[in-house]
Amino acid sequence: MKIMKKSKIFLIAALTILAVGTLTMTGFAGAASFGSAAVQEGETYTLEQMLTYAIQDEYLAQAEYAKIMEVFQEQRPFSNIIVAEGRHIQELLPLFEAHGVAVPQNNAAGLVKAPGTVEEAILASVEAEKKNIAMYETFLQKELPDDVRAVFVELQTASQHHLNAFTNRADRIQNGGTGGGAGNGFGNGNGNGNGNGNGDGNDGRGSGIRYGDCLNATEEGTDGI
């Protein structure tokens, strides 16, 4: 068991390194001065910079997931998370007006290219969400107006849900994509899909969410995905 567990850890690490390399080579991470890529822990940032980098990173995530769906067709978790990214942008926009900051141009679509496979896209998205969470963590260590802090906390929490969704899919990839999570939806028992018994459907972990994209029932319909 220990040998198998170590082998799995090494496999995940290797695939993650491959995905990060793909992300860098394709420009998936965007420009070095754009969004979370411009933020370094311990540095000092003005409110204007923090708002600008925050919305740029949400622009970038939205553009990344749109490109992935354009290439690989609409599928979870991208189809859910891209909607959430649009909400994140809408939550940030009032802060620019409230604090007299100009809204930066959304040119993120020109900074992204889709990875070669869905698997690479999932693993690259794990890294992107980690960077987004780290960016907000850096900002939350600063002195912030109450309204800005509240939004940053909310968006960081949402990104953690997104990370959970992508990590769950990444785990399925490492396990050969067999699915088989337990849930109350989309299964032949009490659900609506192709699973067996009481909602043990094709990949249903969570409350009726296909592919195990959410880890709890509250995520769909909120900002979880």
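Contact here means heavy atoms within 4.5 Å, and in this predicted model residues 24 or more positions apart account for 66% of the contacts in the protein with a separation of 6 or more.

## Overall architecture

The protein has five helices and zero strands, and read along the sequence it follows the pattern α-α-α-α-α. Of its 225 residues, buried residues make up 47%.

Helix 3 covers residues 78-98, and at 1.5 Å a residue its 21 residues should span 30 Å, which agrees with the 31 Å that separates its end C-alpha atoms. Gly100, which follows helix 3, has a positive phi, near 65°.

## How the helices pack

Two packed helices are described by the angle between their axes and the distance between the axes. The axes of helix 2 and helix 4 are 11 Å apart, and these helices pack at an angle of about 170°. Because angles over 145 degrees count as roughly antiparallel, helix 2 is roughly antiparallel to helix 4. On the helix 2 side of this packing the residues include Met50, Tyr53, Ala54 and Phe72, while those they meet on the helix 4 side include Val118, Ala128, Tyr136 and Phe139.

A second packing involves helix 3 and helix 5, whose axes come within 11 Å and cross at roughly 170°. That angle makes helix 3 roughly antiparallel to helix 5. Among the helix 3 residues in this packing are Phe78, Ile81, His88, Leu92 and Leu95, and among the helix 5 residues that helix 3 meets are Val148, Phe152, Leu155, His162 and Phe166.

## The nonpolar cores

The largest nonpolar core has 28 residues, of which Leu92, Tyr136, Phe139 and Phe152 touch the most other members. Helix 2 (47-72), helix 3, helix 4 (118-140) and helix 5 (146-174) each supply at least two residues of this core, and the largest share, eight residues, comes from helix 2. Apart from it lies another core, of 17 residues, among them Ala61, Tyr65, Leu123 and Ile133.

What does Tyr136 contact when its neighbours within four places in sequence are left aside? The residues in contact with Tyr136 are then Ala54, Glu58, Leu92, Phe152, Leu155 and Gln156.

## Aromatic rings

A pair of aromatic rings is described by the distance of the centres and the angle of the planes. The count of aromatic pairs in this model comes to seven, and two of these pairs are set out below.

| Pair | Centre to centre | Angle between planes | Arrangement |
|---|---|---|---|
| Tyr136 and Phe152 | 5.3 Å | 50° | tilted |
| Phe139 and Phe152 | 5.6 Å | 35° | tilted |

The pair of Tyr136 and Phe152 links distant parts of the chain, with Tyr136 in helix 4 and Phe152 in helix 5, 16 residues apart. Phe139 also lies in helix 4, so its pair with Phe152 in helix 5 ties together parts that are 13 residues apart in sequence.

Are the rings of Tyr136 and Phe152 carried by residues that are buried or exposed? Both Tyr136 and Phe152 are buried. Phe152 has 0% relative accessibility and so counts as buried, and Phe139 is likewise buried, with a relative accessible area of 0%. Together with Tyr45 and Tyr53, the residues Tyr136, Phe139 and Phe152 form one aromatic cluster.

## Two loop residues

Thr46 is found in the loop between helix 1 (2-26) and helix 2. With a relative accessibility of 42%, Thr46 counts as partly exposed. Although Thr46 and Lys142 are 96 residues apart along the chain, their C-alpha atoms are separated by 9.4 Å.

Pro145 has its place in the loop between helix 4 and helix 5, and at 27% relative accessibility Pro145 counts as partly exposed. The C-alpha atoms of Pro145 and Leu95 are separated by 9.9 Å, while these residues lie 50 residues apart along the chain. When its neighbours within four places in sequence are left aside, Pro145 is in contact with Leu47 and His99.

Note on methods
Residues are numbered from 1 along each chain as its sequence is written. This is a predicted model: local features need pLDDT of at least 70, side-chain atom pairs count only at pLDDT 80 or more; totals for chains, interfaces and linings use all residues. Side-chain values use heavy atoms; hydrogens and water are left out. Helices (H or I, at least four residues) and strands (E, at least two) are DSSP runs, numbered from the N terminus. The expected span of a helix is 1.5 Å times one less than its number of residues. A nonpolar core is a set of buried Ala, Val, Leu, Ile, Met, Phe, Trp, Tyr and Cys residues joined through side-chain atoms within 4.5 Å. Buried means under 20% relative accessible area, exposed over 50%, partly exposed in between (1.4 Å probe, protein chains only). Rings of Phe, Tyr and Trp (its six-membered ring) pair if their centres lie within 6.5 Å; planes under 30 degrees apart count as stacked, over 60 as edge-to-face and the rest as tilted. Axes are lines fitted to C-alpha atoms, for helices over the stretch in contact, and angles run from 0 to 180 degrees between N-to-C directions. Angles under 35 degrees count as roughly parallel, over 145 as roughly antiparallel, 65 to 115 as roughly perpendicular and the rest as oblique.
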